[in-house]
Amino acid sequence: MKENIHPDYHKVVFMDTNSGFKFLTGSTKSSNQTIEWEDGSTYPLIKVEVSSDTHPFYTGVQKFSDRGGRTERFMKRYNFKNK
């Protein structure tokens with residue numbers, strides 16, 4: 001591996017801001033905020049809006065809105081009637 005061309009890879013804590021779920025992993029990202037982890041060490045804290053704890057694919061909870069297709073919405077918006 002070449003020297004001085006790779007980013008610094010270290011352990012960080014990612015926290016889901018919606019649920020408070022936290023996990024420790026390796027990353028090249030860094031942050032000014034820190035958090036003390038369960039092992040007693042302090043790691044950089046990176047806040048994310050969506051994680052596996054809140055993403056609909058992993059939770060199985062999805063919101064489906066019955067808005068209709070593009071044509072139906074266009075017809076409704078401009079008051080066209082189907083003939």
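**Exercise 1. Determine which residue shares a side-chain polar contact with Ser51, and describe the setting of Ser51.**

Solution. The side chains of Ser51 and Asp16 are joined by a polar contact of 2.7 Å. This value, like those that follow, comes from a predicted model.

Step 1. Locate the residue. Ser51 lies in the loop that runs between β4 (42-48) and α1 (56-59).

Step 2. Classify its exposure. Buried means under 20% relative accessible area. Ser51 has a relative accessibility of 10% and therefore counts as buried.

Step 3. List its partners. When neighbours within four places in sequence are left aside, Ser51 is in contact with Asp16, Phe21 and Phe23. Asp16 is thus named both here and in the polar contact.

**Exercise 2. State how many aromatic pairs a search of the whole structure finds, and describe the cluster that contains Phe23.**

Solution. The search finds three aromatic pairs.

Step 1. Take Phe14 and Phe23. Their rings form a stacked pair, with 5.6 Å centre to centre and 20 degrees between the planes. Planes under 30 degrees apart count as stacked, which explains the label.

Step 2. Take Phe21 and Phe23. This aromatic pair is tilted, at 5.9 Å centre to centre and with 35 degrees between the planes.

Step 3. Combine the pairs. Phe14, Phe21 and Phe23 are linked into a cluster by ring pairs.

Step 4. Compare each residue with the cut-offs for exposure. Phe14 counts as buried because its relative accessibility is 14%. Phe23 has a relative accessible area of 30% and so is partly exposed. Phe21, with a relative accessible area of 32%, is also partly exposed.

**Exercise 3. Identify the backbone oxygen that lies 2.9 Å from a polar atom of the His10 side chain, and list the contacts of His10.**

Solution. Step 1. Place the residue. His10 belongs to strand β1, which covers residues 10-16.

Step 2. Name the oxygen. The backbone oxygen in question is that of Lys29.

Step 3. Collect the contacts. Apart from neighbours within four places in sequence, His10 touches Thr25, Gly26, Ser27, Thr28, Lys29, Ser30 and Pro44. Lys29 accordingly appears both in this list and as the owner of the backbone oxygen.

**Exercise 4. Decide whether α2 is well covered or hardly covered, and describe the nonpolar patch to which Phe74 contributes.**

Solution. Step 1. Count the buried residues. Among the eight residues of α2 the count is zero, and the helix is hardly covered.

Step 2. Examine one residue of the helix. Phe74 is situated in α2 (residues 70-77). Its relative accessibility is 42%, so Phe74 counts as partly exposed.

Step 3. Describe the patch. Phe74, Tyr78 and Phe80 make a nonpolar surface patch of about 330 Å².

Step 4. Look beyond the helix. Asn79 follows α2 and has a positive phi, near 55 degrees.

**Exercise 5. Summarise the chain as a whole: its elements, their order, its buried share and its surface.**

Solution. Step 1. Count the elements. The chain contains four strands and two helices.

Step 2. Put them in order. Along the sequence the pattern is β-β-β-β-α-α.

Step 3. Assess burial. Of the 83 residues in the chain, 17% are buried.

Step 4. Assess the surface. About 7,500 Å² is exposed by the chain, and carbon and sulfur atoms supply 49% of this area.

Step 5. Consider separation in sequence. Among contacts in the chain with a separation of 6 or more, 35% are between residues 24 or more positions apart.

Conventions: Residues numbered from 1 in each chain as written. Predicted model: local features only at pLDDT ≥ 70, side-chain atom pairs only at ≥ 80, totals over all residues. Heavy atoms only, no water. Patch = residues over 30% accessible without salt bridge, like charges linked within 9 Å, V, L, I, M, F, W, Y side chains within 5 Å. Areas by Shrake-Rupley, 256 points an atom, 1.4 Å probe, with all protein chains shown as cover. Salt bridge = Lys/Arg side-chain N within 4 Å of Asp/Glu carboxyl O. Buried < 20%, exposed > 50% of the residue type's maximum accessible area, 1.4 Å probe, protein only. Contact = heavy atoms within 4.5 Å. Polar contact = N/O pair within 3.5 Å; in protein donor to acceptor, adjacent residues only side chain to side chain. Phe/Tyr/Trp six-rings, centres within 6.5 Å; stacked < 30°, edge-to-face > 60°.
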